[in-house]
Amino acid sequence: MKTLSTDCLVIGAGIAGCVYAHEAAKKGLKTTLLCCGEMLQANSDLAQGGIVYEPHLNMDDLLADVKMATAGMCNEQAVKELSAAGCKAIEEVFLTDLSVPFDRDSQHHLRFTREGAHRKNRIIYSKDTTGHALLATIQASVRQNPLITVKEFTSAIDLLTLSHSSPDPMDRYYPLTVFGAYVLDNKTGEVYAITAKKTVLATGGVGQVYLHTTNAEHAYGHGIAMAYRVGARVMNMEFLQFHPTVFAKGKSFLLSEALRGEGAVLRNCKGEAFMPKYHPLKDLAPRDIVARAIEEERLETSHDCVYLDITANPAEETKERFPAIYKKCLEGGYDMTKVPVPVVPAAHYFCGGVYATPAGRTNIANLNAIGETACTGYHGANRLASTSLLEAVAMGYLCAHADAEDIKTQSFHIPVPKDWVVPAEKPDLNLVKQDLATLRNTMWNYVGLIRSRKHLGRAEKILRHLHNEIDSFYKGNALCQELLDLRNGTQTALLITYAALKNRHSAGCHYLSDEKK
């Protein structure tokens with residue numbers, strides 16, 4: 001088995017991972033960046049609405065909105081630290097180092113919009129493809145940097161720890177420490193090791209464990225599952241946010257909350273604007289409230305969707321502001337400037353994850369978690385719109401600077417890891433796909449938008465059995481991406497289910513229909 005070495009190993013090439021690599025390289029660190037497919041296959045690329053940014057940050061105003069949206073469960077210190085660092089990093093990385101095409105007025109000033117639960121315009125954007133504008137720009141810079149090695153179609157399998165992966169039995173007496181990862185070349189099937197002084201989990205969210213999701217293809221919670229297996233603390237796992245407005249006919253895609261920020265109204269099948277009866281902020285209420293309101297309207301009217309109506313706005317204005325969404329709706333048979341568009345909720349953003357400080361520190365030495373993989377407490381029980389990209393940028397920035405200081409001042413014990421033994425037998429992909437379908441249907445039906453203890457108990461039984469079967473199947477077969485998705489997705493789903501069972505009180509994204517008052 002070959003072993004490669006680097007200063008910093010980043011698992012995941014979304015906004016958080018790329019900002020980390022960009023900043024680490026500025027500090028002179030050799031960084032290896034892994035992505036299981038092509039670089040742009042990341043949740044960050046799918047973000048539409050925008051990113052919170054205030055040149056002169058009013059922390060009290062922002063914190064008040066975050067507290068309201070997160071059901072009062074945000075970590076106030078993390079919100080303050082990450083918001084300030086995020087605005088600073090946006091200025092340094094995306095407005096100074098790189099030229100992101102944010103929308104600007106005729107005087108070249110940044111345009112600002114607002115989304116759900118924001119009481120003021122504080123979100124900058126690039127049309128309706130902000131995530132793509134940010135990610136494509138920084139990925140182009142990362143690819144050209146001689147200190148950064150990008151490995152596409154390469155997946156992390158398991159983390160290397162001194163207690164389990166070193167051939168020296170005395171290394172078990174070190175504090176729990178990570179020194180890299182075993183990785184899989186998805187094109188050749190080769191397994192090898194990459195050792196590193198710092199290992200950074202930036203694998204994104206968990207949406208693919210659900211049947212309907214806005215997430216990228218391989219977002220199964222890989223970083224969370226790998227970290228949990230080596231003893232990392234995970235938290236807030238019950239808080240999975242469902243986006244209220246995903247296209248309901250044919251191939252699903254997100255209809256940004258920014259549409260409602262610009263005046264779009266939700267209507268039921270009778271044409272009634274229903275949000276005023278659910279919340280004072282109407283269509284700009286927090287996402288968990290809007291998503292549940294949609295479900296209630298669907299059930300009450302026995303209709304399979306509700307409708308997002310922006311027809312009152314000038315048609316050319318809508319086309320100019322939301323060109324990508326307009327085009328996708330047209331392809332789906334709806335001209336959004338003329339008719340309301342059918343929408344339903346879908347699994348979207350994960351508020352829980354691997355416990356981490358704002359600088360990405362976990363409870364395991366030299367293992368960091370950043371972006372959606374991490375849980376700093378910023379998002380509490382329900383994320384405020386457009387704070388996810390802000391947190392990802394801030395964590396990548398802070399983590400890289402903290403790691404650079406550690407590498408400059410500390411020594412690192414990095415042994416040659418044990419060989420990974422690859423079984424010869426190829427997995428039956430039909431069985432893998434069948435198990436993935438069971439996983440996603442179970443989570444959608446029993447651990448979804450509206451939960452009950454009876455449904456959660458049934459999900460736990462199904463998932464525990466699936467987990468045991470997969471564990472034995474996994475050990476006897478050669479690896480592939482689908483098998484890694486299944487293994488890690490099932491582990492992540494179990495953690496979500498256990499947390500949902502343990503939390504007997506509704507809060508934010510976690511809503512129990514049978515909660516005992």
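So, before the first helix pair, one definition: when I say axis, I mean a line fitted to the C-alpha atoms, for a helix over the stretch in contact, and the angle runs between the N-to-C directions. And please keep in mind that this is a predicted model.

Okay, helices. Two packed helices are described by the angle between their axes and the distance between the axes. Here the pair is helix H1, residues 15-26, and helix H5, residues 130-144. Their axes come within 10 Å and cross at roughly 35°, and the crossing of H1 past H5 is left-handed. Who makes the contact? From H1 you have Ile-15, Cys-18, Val-19 and His-22. From H5 you have Leu-134, Leu-135, Ile-138, Gln-139, Ser-141 and Val-142. Sort those by class and you get seven nonpolar residues, three polar ones and no charged ones.

Next, strands. Let me begin with strand S1, residues 3-11. S1 runs parallel to S8, with eight bridges between them, and Leu-4 has Ile-194 in S8 as its bridge partner. S1 also pairs with strand S2, residues 31-34, again in the parallel sense, over four bridges. There, Ile-11 is matched with Leu-34 in S2.

Then there's an open sheet of three strands, in the order S9-S14-S16, with mixed pairing. Which strands stand at the edges? Those are S9, at 234-235, and S16, at 374-375; each has a single partner strand, so one side of each is left without a neighbour in the sheet. S14, residues 353-355, pairs with S16 in the parallel sense over two bridges, and Tyr-355 sits opposite Cys-375 in S16. Packed on this sheet is helix H7, residues 222-229, which touches S9 and S14. The direction of H7 makes about 45° with that of S14.

Hold on to H7, it comes back in a minute. On to charges. Side chains of opposite charge can pair when their charged atoms come close. How many salt bridges does the model have? The count comes to 33. I'll walk through a few of them.

Pair one is Glu-190 with Lys-2, where the closest N and O atoms are 3.9 Å apart. For a salt bridge the cut-off is within 4 Å, so this one makes the count. Glu-190 is in the loop between strand S7 (178-185) and strand S8 (191-201), while Lys-2 is in the segment before S1, so the pair ties together parts that are 188 residues apart in sequence. Are these two buried or exposed? Glu-190 is partly exposed, at 33% relative accessible area, and Lys-2 is partly exposed too, at 39%.

Pair two takes us back to H7: Asp-158 with Arg-229, closest N and O atoms 2.9 Å apart. Asp-158 is in strand S6, residues 154-161, and Arg-229 is in H7, so to speak across distant parts of the chain, 71 residues apart. Asp-158 is buried, with a relative accessible area of 13%, whereas Arg-229 is partly exposed at 28%.

Pair three is Arg-361 with Asp-406, and here the closest N and O atoms are 2.6 Å apart. Arg-361 lies in the loop between S14 and strand S15 (367-369), and Asp-406 lies in helix H12, residues 388-409. That is another link between distant parts of the chain, 45 residues apart. Asp-406 counts as buried, at 15% relative accessibility.

There's also a network of salt bridges, and the residues linked in it are Glu-54, Asp-61, Asp-65, Arg-119, Lys-120 and Arg-122.

Last topic, backbone oddities. Phe-153 has a positive phi of about 55°, although it is not a glycine. Where does Phe-153 sit? In the loop between strand S5 (148-151) and S6, and at 26% relative accessibility Phe-153 counts as partly exposed. Asn-366 has a positive phi as well, about 65°, and is not a glycine either. The place to look for Asn-366 is the loop between S14 and S15, and that's the loop that holds Arg-361 from pair three. Why do I call Asn-366 buried? Because its relative accessibility is 17%, and buried means under 20%.

That's what I have, so over to you.

Note on methods. Residues are numbered from 1 along each chain as its sequence is written. This is a predicted model: local features need pLDDT of at least 70, side-chain atom pairs count only at pLDDT 80 or more; totals for chains, interfaces and linings use all residues. Side-chain values use heavy atoms; hydrogens and water are left out. Two strands pair if DSSP finds at least two bridges between them. Contact means heavy atoms within 4.5 Å. Axes are lines fitted to C-alpha atoms, for helices over the stretch in contact, and angles run from 0 to 180 degrees between N-to-C directions. A crossing is left-handed if the near helix is turned anticlockwise from the far one by less than a right angle, and right-handed if clockwise. Ala, Val, Leu, Ile, Met, Phe, Trp, Tyr, Cys and Pro count as nonpolar, Asp, Glu, Lys and Arg as charged, and the others, Gly among them, as polar. A salt bridge is a side-chain nitrogen of Lys or Arg within 4 Å of a carboxyl oxygen of Asp or Glu. Buried means under 20% relative accessible area, exposed over 50%, partly exposed in between (1.4 Å probe, protein chains only).
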